[in-house]
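Hi,

Here is the structure I promised to pass on. Have a look at it first, and then read my notes below.

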Amino acid sequence: MRRPYLNSRLAEFTSTIFAEMSALAAGTGAINLGQGFPDTDGPEAVREAAVRAIRDGRGNQYPPGPGVPELRQAIADHQRRFYGLEFDPDTEVLVTAGATEAIAAAMLALLEPGDEVIALEPYYDSYAACIALAGARRVPVTLRPHAGAYHLDPDELRAAITPRTRLLLLNTPHNPTGTVLTRAELAAVAELAVEHDLLVVTDEVYEHLVFDGAHLPPASFPGMRERTVGISSAGKTFSLTGWKVGWVTAPPELLAAVRSAKQYLTFVSAGPFQYAVAEALALPDAYYEGQREELRAKRDLLSAGLADAGFAVYRPAGTYFVTTDIRPLGEKDGLAFCRALPTRCGVVAVPTAVFYDDQEAGAPFVRFAFCKKDEVLREAAARLRAPA
Ligand SMILES: Cc1ncc(COP(=O)(O)O)c(C=O)c1O
């Protein structure tokens, strides 16, 4: 038999649910609440800054490997301004091609084959693929829904740690559940990480989209600064997901390791956009608050529409996704439900089962994105309410 072209590490990752559901949306003309990208672009001043950078010849040629100094400084300033965390822009900040590259570079840099990585389940789909690319093994710890929200059970986390565990891969605010890890949950995580001397990689791309409570960077907990690789990105915060400007903050030795992998992935990226994102990060508090309030209203609009349509709704504390349970509708298989939904009522959603190893735990849950125009959300809610 001919050897497959795709190597065995990637064999289980041939297609994504987003490709399938977006094709369904295109084929049926359905409203696509599957994929998480806004349908309006970020601030004009920031877009103009990118145009200016291109015109002025800033970033049109390879920028410096770690990122342009202006952006690295802006990232360090941002960490101080919002969280009181100090990072040296020269040795502790790295610019990447979105958070996606940062995650890949961190996994490829920090893992040996056979290492175990604990990731919160349901997990963002690139985590599993990147862990596999590194030859490591993912060990999910399931966030469990109760009392209208998803929670991390520190005992489950403790039980998942073995002598092979190298790294905890955290995501807060969490996609797809919309959970924002609490101070108590993060304190428990930090204690375990310190006790077992684990590395921690934190995906914080939704850091500014928190509606209830506050985003707490895991690096701010005792014993965590020196073991944490923090990852974020401009995509969600500034509604510019196509720009793919992300970053890593970490202590010098960890950052140098991640940079070693990053330099052979993209080397550098997004030159002019880096200058524009430096300006974006310095926008006044009013921008960040305005964006959050706008999305809070959208969260409430879609959550109410979904509840009216009969879904059990897990109102998210953060991100721009709302997770629902379809069992009150007499359904139990989220994948079949989502495959049928576009023709049944002209809406596309994503079954969260695809983000679980434990298929049973994820089966009845379906995720909707609310980073869309109000009229789109209203129309989607009306379609979902209408009898099939
Ligand atoms: C949890 C999470 N991490 C990372 C990303 C990707 O970020 P970027 O577009 O900056 O690569 C996303 C995008 O949806 C996400 O939801």
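Before anything else, a bit of vocabulary: two strands pair if DSSP finds at least two bridges between them. Helices (H or I, at least four residues) and strands (E, at least two) are DSSP runs, numbered from the N terminus. Keep in mind that this is a predicted model: local features need pLDDT of at least 70, side-chain atom pairs count only at pLDDT 80 or more, and totals for chains, interfaces and linings use all residues. Residues are numbered from 1 along each chain as its sequence is written.

Let's start with the sheet of 4 strands. It is open, has antiparallel pairing, and its order is β11-β12-β15-β14. The edges are β11 (312–314) and β14 (350–351); each has a single partner strand, so one side of each is left without a neighbour in the sheet. β11 and β12 run antiparallel and are joined by 3 bridges. Across that pair, A312 of β11 stands opposite D325 in β12.

Now for the sheet of 7 strands. This one is also open, but the pairing is mixed, in the order β2-β10-β9-β8-β7-β3-β4. Here β2 (93–97) and β4 (137–142) are at the edges with a single partner strand each, so one side of each has no neighbour in the sheet. From one strand to the next, the twist averages 25°. Angles run from 0 to 180 degrees between N-to-C directions, and axes are lines fitted to C-alpha atoms, for helices over the stretch in contact. Helix α9 (residues 252–262) packs on this sheet and touches β2, β9 (228–233) and β10 (245–249), with its direction at about 25° to that of β2. (Two residues are in contact if their C-beta atoms, placed from the backbone, lie within 7 Å.)

My favourite strand to look at is β8. Strand β7 (residues 165–171) runs parallel to β8 (residues 199–203), and 5 bridges join the two. L167 stands opposite L199, and L170 has T202 as its bridge partner. With β9, β8 pairs in the parallel sense over 4 bridges, and there V200 has T228 as its bridge partner.

Is β8 buried or exposed? A residue is buried if 20 or more other C-beta atoms lie within 10 Å of its own, exposed if 12 or fewer, and partly exposed in between, with C-beta atoms placed from the backbone. By that rule 5 of the 5 residues of β8 are buried, so the strand is largely enclosed by the rest of the structure. L199, V201 and D203 point one way, while V200 and T202 point the other way. That fits a general pattern: in a regular strand the side chains alternate between the two faces of the sheet.

Next, the domains, whose bounds come from an automatic or database domain assignment. Domain 1 is 8–42 + 286–385 and domain 2 is 44–281. Their C-alpha centres lie 24 Å apart. The contact takes 33 residues from domain 1 and 36 residues from domain 2. On the domain 1 side, α11 (285–308), β12 (321–325) and α13 (359–362) each supply at least two residues, and α11 gives the largest share, 6 residues.

One last spot: G65, in the loop between α2 (44–55) and α3 (69–83). G65 counts as partly exposed because it has 13 C-beta neighbours inside 10 Å. Leaving aside its neighbours within four places in sequence, G65 is in contact with Q263, F267 and V268.

Cheers
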